[in-house]
Amino acid sequence: MKTKYVLLPVLALIILATCISGCTSTNPSGGQGNSTSAVPVYQPSAKTASVNTSEGNVTTYQTTGSATQVADFYKTEMANRGYQASTPVQQGSDVVLTFIKGTSTVHVAIATINAQIGP
C-alpha cells in the first residue's frame with residue numbers, strides 16, 4: 001500500500017529559504033526563546049523530530065494531508081497571527097513558505113514523499 005506523507009519542515013529547504021530570503025532568524029516565538037507556540041500545527045499530524053539550532057527551533061511533522069491543504073492552512077493561520085507571507089520558494093511539489101512578523105521569521109517547508117509500507 002502506498003501512503004503519502006507531507007513533512008514539515010524539511011531542513012534542507014529551510015536552509016535554502018533562509019539563504020535566499022536573507023533572513024537572520026527562524027525563531028517563531030518573536031524573540032522569546034525557542035518555543036514553537038506561535039506556530040500552529042496542521043492536524044492531523046504527528047511530531048517526528050525537534051532540534052534547537054543557533055537560528056531557532058526546527059520541528060518536523062508528518063501528516064496524510066495533501067501539500068496544498070497544508071500550505072493553505074499555514075497561509076491562513078499565520079496571517080491570522082499577524083505574519084506577512086513572503087514569496088514562496090517552490091521546486092516541483094515541494095515548497096517553502098516564509099512568514100515574517102517584526103524580527104521573527106518562520107519557515108514552513110512542505111515536501112511530499114511516497115513511501116511503500118509493508119512487503
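The points below walk through a predicted model of one protein, from its overall layout to single contacts.

1. **Overall layout.** The protein has 2 helices and 7 strands. Along the sequence they come in the order β-α-β-β-α-β-β-β-β. Of the 119 residues, 38% are buried. Contacts between residues at least 6 apart in sequence give a view of how the chain folds back. Among these, 58% join residues at least 24 apart.

2. **The S2–S3 hairpin.** Strand S2 covers residues 46-53. Strand S3 covers residues 56-63. The two pair in the antiparallel sense, over 7 bridges. A hairpin of 2 residues joins them. To find the pairing by eye, start at Ser50, which stands opposite Thr59 in S3.

3. **Helix H2, its length.** H2 runs over residues 67-80, which makes 14 residues. How far apart should its ends be, at 1.5 Å a residue? The expected span is 20 Å. The end C-alpha atoms are 20 Å apart, so the model agrees with the expectation.

4. **Helix H2, its two sides.** Five residues of H2 deserve a look together: Ala67, Val70, Ala71, Tyr74 and Met78 are buried. Seen down the helix axis, the buried residues fall within an arc of 95 degrees, so they line one face of H2. The face turned away from that buried side carries Thr68 and Asn80, which are exposed. After H2 comes Gly82, with a positive phi near 90 degrees.

5. **Aromatic pairs.** The count of aromatic pairs comes to 2. One of them is Tyr42 with Phe73. The ring centres of Tyr42 and Phe73 are 5.5 Å apart, and their planes meet at 80 degrees, an edge-to-face arrangement. Which parts of the chain does this pair tie together? Tyr42 lies in the loop between helix H1 (11-21) and strand S2, while Phe73 lies in helix H2. The pair therefore ties together parts that are 31 residues apart in sequence.

6. **Burial and the second pair.** Are the residues of this pair buried or partly exposed? Tyr42 is buried, because its relative accessible area of 12% is under the 20% cut-off. Phe73, at 22%, is partly exposed. Phe73 also pairs with Tyr74: the ring centres are 5.0 Å apart and the planes stand at 90 degrees, so this pair is edge-to-face. Tyr74 is buried, with a relative accessible area of 3%. Tyr74 is also one of the buried residues of H2 listed above. Ring pairs thus link Tyr42, Phe73 and Tyr74 into a cluster.

7. **Strand S6 and its partners.** S6 covers residues 94-101. Strand S4 (residues 84-85) pairs with S6 in the antiparallel sense over 2 bridges. Here Gln84 has Ile100 as its bridge partner. Strand S5 (residues 89-91) also runs antiparallel to S6, and 3 bridges join the two. Val89 is matched with Val96 in S6.

8. **The S5–S6 turn.** S5 and S6 form a hairpin with 2 residues between them. Gly92 sits in the turn. The phi of Gly92 is positive, about 65 degrees. Gly82, after H2, has a positive phi too, near 90 degrees.

9. **Ser104 in strand S7.** S7 covers residues 104-116, and Ser104 lies in it. Ser104 is buried, because its relative accessibility is 1% and the cut-off is under 20%. Which side chain does Ser104 contact? The partner is Tyr83: the two side chains make a polar contact at 3.5 Å.

10. **His107 in strand S7.** His107 is also found in S7. His107 is buried, with a relative accessible area of 8%. The side chain of His107 makes a polar contact with the side chain of Thr98, at 3.0 Å.

11. **Where to look in the viewer.** Start with H2 and its buried face, which holds Tyr74 among others. Move on to the cluster of Tyr42, Phe73 and Tyr74. Then turn to S7 for two side-chain polar contacts, Ser104 with Tyr83 and His107 with Thr98.

Methods. Residues are numbered from 1 along each chain as its sequence is written. This is a predicted model: local features need pLDDT of at least 70, side-chain atom pairs count only at pLDDT 80 or more; totals for chains, interfaces and linings use all residues. Side-chain values use heavy atoms; hydrogens and water are left out. Helices (H or I, at least four residues) and strands (E, at least two) are DSSP runs, numbered from the N terminus. The expected span of a helix is 1.5 Å times one less than its number of residues. Buried means under 20% relative accessible area, exposed over 50%, partly exposed in between (1.4 Å probe, protein chains only). The arc is that of the directions from the helix axis to the C-beta atoms. A polar contact is a pair of N or O atoms within 3.5 Å; within protein, one must be able to donate a hydrogen and the other to accept it, and residues adjacent in sequence count only if both atoms are side-chain atoms. Rings of Phe, Tyr and Trp (its six-membered ring) pair if their centres lie within 6.5 Å; planes under 30 degrees apart count as stacked, over 60 as edge-to-face and the rest as tilted. Two strands pair if DSSP finds at least two bridges between them. Contact means heavy atoms within 4.5 Å.
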